[in-house]
Amino acid sequence: MGFSEKYGYVVPKDIVQIDSMDMPLRIGLWNALIEVVWSRYDRSRYFSSTENRRIRNLTSVIWVSYLGKALDARGNKWDEIYGKIRSNFFECPWNSVYDFLELVVQNYEFRSSYQTLVDRCNKVLEKEVSAYRFVGKEIVRITEQHEVDEIEQAIGGASSGDKTHMIRALEFLSDRDKPDYRNSIKESISAVESLAQNTLGEKGTLGQLLKKLEEKIELHRSLKSAFTSLYGYASDEDGIRHGMLDEANIKFEDAKFMLVACSAFINLVKVKLAAS
């Protein structure tokens, strides 16, 4: 993780890739295509050979349906065809890359299952913190802009204690080399705990402080109950803080949900404090 991400100088919308695609993500997706699709081209055979039928049929779909070009302009030299497809992949808008990936998954004649390519792409999408994943043969958004806005607002308006926890939670979540979803969840809850302590001017667990916070800012009891339950999940003897929960069971979506939920709660408390 770079200096800017580590110390919070890059805002969440620059880390979670929603309306953009940086070069590491684009390269990773292209490498997935090389491993699963392009490497299947048999250079010892002609482009028109039976052995290269699957690649040839795919390029026909790409030429007509994706590039919108006349099929007779494609040619029959693999290096030239591949070069044009590659150039377009690295030069086209970010959303066109996802259009292209869907087209490949839906039209390439896989020898076994399309799932291999989908799994490879999803690993890259998770590693590079993209807001999108393959679900079946379709790419869908798993992170909404309003969720990123909640995180950004919480970090921007946080005091030193809860801001530190929020930045750490985001850091653990968005680390592209070694994400730590377990500790991201812990830091998200700790940010709410720090906010409650600072607001009330006293120490204590979040479970204890939420009751007092309920009285101070007229926090709805159902909302207090919900966060008490979340805190219990993160503090249970089989849970996050005691390190007993199998980390393989914690996914990006789990940690993202906790970060967004805690960010929204922090923003709500700030608004209520300002109005009281």
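What share of the 276 residues in the protein chain is buried? In this predicted model, buried residues come to 45% of the chain. That is a handy starting point for a walk through the fold.

Let's look next at the secondary structure. The protein chain has 13 helices, alongside 2 strands. As you trace the chain through these elements, it helps to ask how its parts meet. Among contacts in the protein chain with a separation of 6 or more, 65% link residues that are 24 or more positions apart.

Now to the outside. The protein chain exposes about 13,900 Å², and 48% of that area is supplied by carbon and sulfur atoms.

Sulfur brings us to the cysteines. How many disulfides does a search of the whole structure find? The count is 0. Two cysteines are still worth locating in your viewer. Cys 121 has a relative accessible area of 0%, so this residue counts as buried. Cys 262 also has a relative accessible area of 0%, and therefore Cys 262 is buried as well.

For a contrast, turn to Gln 208. Is this residue, Gln 208, buried or exposed? Its relative accessibility is 52%, and because the threshold for exposed is over 50%, Gln 208 counts as exposed. You will find Gln 208 in helix 11, which covers residues 206-217. From there, you can look back along the chain to Ala 196, 12 residues away from Gln 208 in sequence. The C-alpha atoms of Gln 208 and Ala 196 are separated by 9.8 Å.

Note on methods: Residues are numbered from 1 along each chain as its sequence is written. This is a predicted model: local features need pLDDT of at least 70, side-chain atom pairs count only at pLDDT 80 or more; totals for chains, interfaces and linings use all residues. Side-chain values use heavy atoms; hydrogens and water are left out. Helices (H or I, at least four residues) and strands (E, at least two) are DSSP runs, numbered from the N terminus. Buried means under 20% relative accessible area, exposed over 50%, partly exposed in between (1.4 Å probe, protein chains only). Contact means heavy atoms within 4.5 Å. Accessible areas come from the Shrake-Rupley method with a 1.4 Å probe; for residues, only the protein chains shown count as cover. A disulfide is a pair of cysteine sulfur atoms within 2.5 Å.
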